[in-house]
Amino acid sequence: MPERDADASGQRATRARQWRRRGADLAAVLVPTVLFALARTVDSNLLLLVTIMVYVVLAQGVNVIYGFTGYLPFGYVGFFGAGAYGTYIAVAHLGANAVEATVLGGVAAVLVAVVLIPLLRLRGAYFAIASLAAALALSSLVSNPALTSVTNGPYGADLSKVFSAGGSYWMAVVIVAVAMLAVVVLRRSRLGLQLRAVRADQVSAGYAGVNVVAARTGAWLLSALLAGLAGGVYAWSISVFYPTAVFDTTISLFAIVFALFGGVGTVLGPVVGAVVLYYVYNAIGVSDPQYFQLIFGVVIVIIALFLPGGLAAVLVGARRRLALRGGDVR
Amino acid sequence: MVLYALIAGVLIGLFYGFAALGLSLAFGVLRVVNIAHGDVIVLGSYLAYELSTQAHINPLFAIPIAVPLAVAIGMVFYRFVAPSLGRSKDPEMLSLILFFGVSQVIEALATIGFSVNQDTLLTGPVGNASVQIFGQSFPNYYPVAAAVAVPGALLVMFYLYRSRLGLATRALMSSRADAMLSGIDVGRTSALSFGIALALAASAGALSIYVNGGVSPSQGTDLTTTAFAVVVIGGLGNPAGALAGGLVFGLAEQFAQSYEPNWAGMVPYVLLLAVMLVKPEGLLSRRVRYA
């Protein structure tokens, strides 16, 4: 029966496509994780590697909230700082070990995000600037001399009693794996589909039965968790830090630009963006930050004016053009 | 102390209102949030600083120099970016990212040109004598800032409510499509509005160098946040609202500094969040907010 044959071959093709997709997902999680785990054999500067991993995670966090909901968080650093200080408080006041403290840093960021859920009522620029104001208020709260007994106020946090260069490195690798897994699962999950629907058309998605508020809140909390874990592991690896260092708005800026440069809404774009741009920053930005900032600014303007999809869109576009030239019209 | 905070709050508040006018105008007309607003203020401050230290001219002369320059630059810039913004599915978000980049470029160039350190003018706008108001002593830049801000804001209102171009601008604010249908040159009016918005920001810079105790390249973000807070408090899109928002903001800040200096740093942010969440159309505006 030719019809059944066509059916069976169609099913085979579908199944093959499913397996290819699963393989790609698995690779997207494993390849960056394994590469970062091996990176220490190539580059012995562990703090640099941890910082890059921290930015990979932050860029993925921006990807989750901006790429999937269209909410641009200028104050994303607030969660990072909350994670760093959550970790400090867990070690200094709760007697937690470093791994537990890092996880509690993530929890602290989620708690802050819960408090800030009402911000999601705002949209566009209102949300972006409100989130910045919230981060600045949180920074001002943490560094307040009146709270010295809890956060040590403006005098900085000291985690040197749990310092472990190797320990924080492996923790960062684990968190990168968590972030990659989170984005891959989110993309394939029901929640991811709902978020894409909401982003495309909020009203229609609502009519189709999507709980718009719940879906957005989910993405918000997930992205806060990632930033909090990143802040926690960063605090652990540098061990002594001041509020101004972990609430520096440059951190939001970096995370957003890395994500936009690589391409938001994709799985690997933010990773590539973070690794490439942070290495550039490390090469020229540390000694001459203003020239790096200039390049950064120009990159943002070019992305905004000419490449809204980032690097990923350029690559996909190029592949499509090549495919067309080869006669494989899809 | 109450009287001091009250007078200082009003004088500085008027300055804040003036400093936020450009942001309000650009948003009202173009639906564009100019994240680089604060950085343009910083550039105005540097112009005032250079005039004072290099040419030994009163820094307030930065205003008449900056206005035509800023209008010209603003108009050209708007013409350059308008096609990309027009093509976009989400122009508001795109403009946010675009001006975010512009703000980084300006801050980087200011750092390259003037170093990261803060520059301060040692002499006030009219000598160093302090001024007595109701028995309270103020540095003379307090009343000077207010004396520049009020006529500046009145000029903007005269332009908007008493001139032909202002009528066209207000038409654009209420409906872009209707304005186009009634034969208004939307492109030119928008470009001019953007130029005026930048000119207002740069003019505020000549005062900001005093009010903020100096100028440094990294001030821009804080200035943008403050201006945004003022505009949101007053209600977007009308100049009187911006001035009123400035007053509320200035008074809140001065009273907090007088009574709770430890917590004063949080006031602008908390005020901004509170207004956005409780009454997003602004405390003083009855009009519904777009965006």
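Two residues are in contact if their C-beta atoms, placed from the backbone, lie within 7 Å. With that in hand, let's work through some exercises on this predicted model.

Residues are numbered from 1 along each chain as its sequence is written, while chains are lettered from A and ligands numbered from 1 in the order in which they are written. Because the model is predicted, local features need pLDDT of at least 70 and side-chain atom pairs count only at pLDDT 80 or more, whereas totals for chains, interfaces and linings use all residues.

**Exercise 1. Describe the fold of chain B and how its contacts are spread along the sequence.**

Step 1. Start with the elements: chain B has eleven helices and two strands. Helices (H or I, at least four residues) and strands (E, at least two) are DSSP runs, numbered from the N terminus. Read from that end, the order is α-α-α-α-β-β-α-α-α-α-α-α-α.

Step 2. Turn to overall size. The radius of gyration of chain B is 19 Å, close to the 19 Å from the globule rule for 291 residues, so chain B is as compact as a globular protein of that length. This radius is taken over C-alpha atoms, and the rule is 2.2 Å times the number of residues to the power 0.38. The C-alpha trace spans about 55 × 45 × 35 Å along its principal axes.

Step 3. Now the contacts. In chain B, 75% of the contacts with a separation of 6 or more join residues 24 or more positions apart.

Step 4. Finish with burial: 54% of the 291 residues of chain B count as buried. A residue is buried if 20 or more other C-beta atoms lie within 10 Å of its own, exposed if 12 or fewer, and partly exposed in between.

**Exercise 2. Do the same for chain A.**

Step 1. Chain A comes to 15 helices and two strands.

Step 2. A compact globule of 330 residues would have a radius of gyration near 20 Å, and the 21 Å of chain A agrees with this. Its C-alpha trace spans about 80 × 50 × 40 Å along the principal axes.

Step 3. Buried residues make up 49% of chain A. Of its contacts with a separation of 6 or more, 77% are between residues 24 or more positions apart.

**Exercise 3. Which elements of chain B touch chain A, and what kinds of residue do they bring?**

Step 1. Count both sides: 33 residues of chain B are in contact with 34 residues of chain A.

Step 2. Find the elements. Those giving two or more residues to the chain B side are α3 (62-87), α4 (91-114), α9 (220-234) and α11 (267-278) of chain B. The largest share, 16 residues, comes from α4(B).

Step 3. Sort the residues of that side: 23 are nonpolar, eight polar and two charged. Here Ala, Val, Leu, Ile, Met, Phe, Trp, Tyr, Cys and Pro count as nonpolar, Asp, Glu, Lys and Arg as charged, and the others, Gly among them, as polar.

Step 4. Check the confidence in the complex: the predictor gives an ipTM of 0.81 and a pTM of 0.85.

**Exercise 4. Is helix α3 (residues 77-94) of chain A enclosed or open, and does its length agree or disagree with expectation?**

Step 1. Expected span is 1.5 Å times one less than the number of residues. For the 18 residues of α3(A) this gives 26 Å, and the end C-alpha atoms are 24 Å apart, which agrees.

Step 2. Since 15 of the 18 residues are buried, α3(A) is largely enclosed by the rest of the structure.

Step 3. Look just past the helix: A:G95 follows, with a positive phi near 65°.

**Exercise 5. Describe the surroundings of B:L172.**

Step 1. B:L172 lies in helix α6 (residues 164-174) of chain B.

Step 2. With 21 other C-beta atoms within 10 Å, B:L172 is buried.

Step 3. Leaving aside neighbours within four places in sequence, B:L172 is in contact with B:V29, B:A179, B:I184, B:V186, B:T189 and B:S190.

**Exercise 6. Compare the settings of B:H56 and B:S115.**

Step 1. B:H56 has a positive phi near 55° without being a glycine, and B:S115, also not a glycine, has a positive phi of about 70°.

Step 2. B:H56 sits in the loop between α2 and α3 of chain B, and B:S115 in the loop between α4 and β1 of chain B.

Step 3. B:H56 is exposed, with 7 other C-beta atoms within 10 Å; B:S115, with 12, counts as exposed too.
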